[in-house]
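Please read the following explanation with the sequence and the structure at hand. It proceeds from ring pairs to helix packing and then to single residues.

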Amino acid sequence: MRFPPVYLALLAVQILFAVHYVAAKWVLQTVPAPAWVALRVAGAALVLVLTTWNRWGEWPRDRRTWLELAGLAVFGVILNQILFIEGLSRTWPSHSALINTSIPVSTLLIAVALGREDIGWRKITALALSLSGVLWLLGTDGFDLSSETVVGDLMCLVNATSFALFLVLSRSLMRRLSPAVVTPIMFLIATVPVGLYGAPSLIDLDWNAIPLEIWWTGVAIVIGPTVGTYVLNNWALARVESSQVALFIYLQFLIASPISALFLD
C-alpha cells in the first residue's frame with residue numbers, strides 16, 4: 001500500500017520533534033533557556049531566508065496579510081518556542097511529549113468552534129483510539145506530575161494550546177501562500193521579540209565555556225527540528241485539515257519516552 005507523501009512528511013516531523021526533546025534538554029544543561037531560544041529562532045530565520053531567496057518576490061505587499069503573519073508568529077513561534085524551552089528546562093522530555101498529546105483534541109475543538117472543520121465519527125474515533133493508547137501506556141509507566149515539575153508542565157500545556165491555535169488559524173493562509181514564503185516571514189517577525197527576551201541572557205553567557213558538541217547539537221536542532229519541522233508541517237497544513245496534522249503528534253510520546261529513558265536515565 002502506498003503511503004501518501006503528506007503522511008510521510010508528518011511522520012518525519014514527529015520523529016524530529018521527538019529527538020528534539022532530548023537534544024534540547026542536553027543543550028539546556030549548558031546554555032540558559034532564554035539565550036537558547038533567541039539563538040534557535042535567529043538561526044532558523046537566517047537559514048530560512050537564505051534558502052528561500054528565490055521566493056522573496058512572492059512576499060505579500062498588503063498590510064492585512066502581514067498582520068495575519070504576525071499573529072501566526074505569536075502563536076506558532078514566539079509563544080511556542082519560549083514556553084516550550086522554558087517548560088522543558090523545568091520538566092522531563094517524557095512529560096512534555098505527553099502533555100503535547102492534548103494538541104490534537106484542542107486543535108479539533110478550536111477548529112470546530114471557529115467553523116473551520118466539521119466534526120464526525122471518524123475524527124472522534126481516531127482521537128479516542130490514539131488518546132486511549134497513550135493513556136494506557138501512561139498508566140503502565142506510573143507517570144506522575146510531581147511538584148518538582150509542575151511549573152514546567154504547565155508551561156508546556158500553555159504552549160500546546162498555543163500551537164493548537166496556530167494549526168487552526170494558519171491553514172487558510174498556508175493554502176494562499178507557499179510555506180516557503182510563510183515560514184521565513186514568521187521567523188523573521190519572531191526574531192525581534194524573542195531576541196529582546198533572550199538579550200540579557202546572551203550578554204551574560206560565557207561563550208567560551210560552551211563545548212563544541214553543544215554547538216553542533218544546536219546547529220542540528222536549528223536545521224532539523226526547527227527549519228525542517230516547520231516547513232514540512234506548514235506544507236502539510238496546505239494539503240490536509242488541521243486536525244489531521246495534529247493527530248500525528250500522538251507519535252511523539254511513543255518515540256520521545258524511550259529516547260529520554262535511554263539517554264537521560
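In which helix do Phe163 and Phe166 both lie, and how many residues apart are they? The model in which this is examined is a predicted one. Both residues belong to helix α7, which covers residues 150-176. A spacing of 3 residues separates them, about one turn of the helix.

A pair of aromatic rings is described by the distance of the centres and the angle of the planes. The structure contains 6 aromatic pairs. Phe163 and Phe166 form one of them, with 5.5 Å from centre to centre and 35° between the planes. This pair is tilted, because stacked planes must be under 30 degrees apart and edge-to-face planes over 60. As for their surroundings, Phe163 has a relative accessible area of 8% and is buried. Phe166 is likewise described as buried, at 0% relative accessibility.

A further pair is formed by Trp207 and Trp215, whose ring centres are 6.0 Å apart. The planes of these two rings stand at 10°, so the pair is stacked. Are the two partners buried or partly exposed? Trp207 is partly exposed at 37% relative accessibility, and Trp215 is partly exposed with a relative accessible area of 37%.

The discussion now returns to helix α7 and its packing. Helix α7 packs with helix α9, which spans residues 212-237. The angle between them is about 65°, and their axes are 8 Å apart. The crossing of α7 and α9 is right-handed. On the α7 side, the contact is made by Phe163, Phe166, Leu167, Ser170, Arg171, Met174 and Arg175. On the α9 side, Asn233, Asn234 and Leu237 take part. Phe163 and Phe166, the partners of the tilted pair, thus appear again among the residues of this contact. Sorted by class, the contact of α7 with α9 comprises 5 nonpolar, 3 polar and 2 charged residues.

Two further residues of helix α9 may be considered in turn. Ile214 is located in helix α9 and is buried, with a relative accessible area of 5%. Which residues does Ile214 contact, leaving aside its neighbours within four places in sequence? They are Trp26, Val27, Thr30 and Val31. Between Ile214 and Ser96, 118 residues apart in sequence, the C-alpha to C-alpha distance is 21 Å. Thr229 also has its place in helix α9. With a relative accessible area of 1%, Thr229 is buried. Residues up to four places away in sequence not being counted, Thr229 touches Val13, Leu16, Phe17 and Gly224.

Attention may next pass to helix α2, which comprises residues 33-51 and includes Val37. Val37 is buried, its relative accessible area being 0%. Beyond residues up to four places away in sequence, Val37 touches Gln81, Ile82, Ile85, Val194 and Tyr197. Val37 and Val150 are 113 residues apart in sequence, and their C-alpha atoms are 21 Å apart in space. Ala38 is found in helix α2 as well. It is buried, with a relative accessible area of 8%. Not counting residues up to four places away in sequence, Ala38 touches Val194, Gly195, Gly198 and Leu202. Val194 is thus among the residues touched by Val37 and among those touched by Ala38. Along the chain Ala38 and Leu48 are 10 residues apart, and their C-alpha atoms are separated by 15 Å.

The contact of Val37 with Gln81 leads on to helix α3, residues 63-88, in which Gln81 lies. Gln81 is buried, with a relative accessible area of 1%. What joins the side chains of Gln81 and Arg40? A polar contact of 2.8 Å does so. Neighbours within four places in sequence being left aside, Gln81 is in contact with Val37, Arg40, Val41 and Tyr230.

A final residue is Pro258, which is placed in helix α11, residues 250-264. Pro258 counts as partly exposed because its relative accessible area is 46%, a value between the limits of 20% and 50%. Pro258 and Ser94 are 164 residues apart along the chain, while their C-alpha atoms are separated by 8.4 Å.

Key. Residues are numbered from 1 along each chain as its sequence is written. This is a predicted model: local features need pLDDT of at least 70, side-chain atom pairs count only at pLDDT 80 or more; totals for chains, interfaces and linings use all residues. Side-chain values use heavy atoms; hydrogens and water are left out. Rings of Phe, Tyr and Trp (its six-membered ring) pair if their centres lie within 6.5 Å; planes under 30 degrees apart count as stacked, over 60 as edge-to-face and the rest as tilted. Helices (H or I, at least four residues) and strands (E, at least two) are DSSP runs, numbered from the N terminus. Buried means under 20% relative accessible area, exposed over 50%, partly exposed in between (1.4 Å probe, protein chains only). A polar contact is a pair of N or O atoms within 3.5 Å; within protein, one must be able to donate a hydrogen and the other to accept it, and residues adjacent in sequence count only if both atoms are side-chain atoms. Contact means heavy atoms within 4.5 Å. Axes are lines fitted to C-alpha atoms, for helices over the stretch in contact, and angles run from 0 to 180 degrees between N-to-C directions. A crossing is left-handed if the near helix is turned anticlockwise from the far one by less than a right angle, and right-handed if clockwise. Ala, Val, Leu, Ile, Met, Phe, Trp, Tyr, Cys and Pro count as nonpolar, Asp, Glu, Lys and Arg as charged, and the others, Gly among them, as polar.
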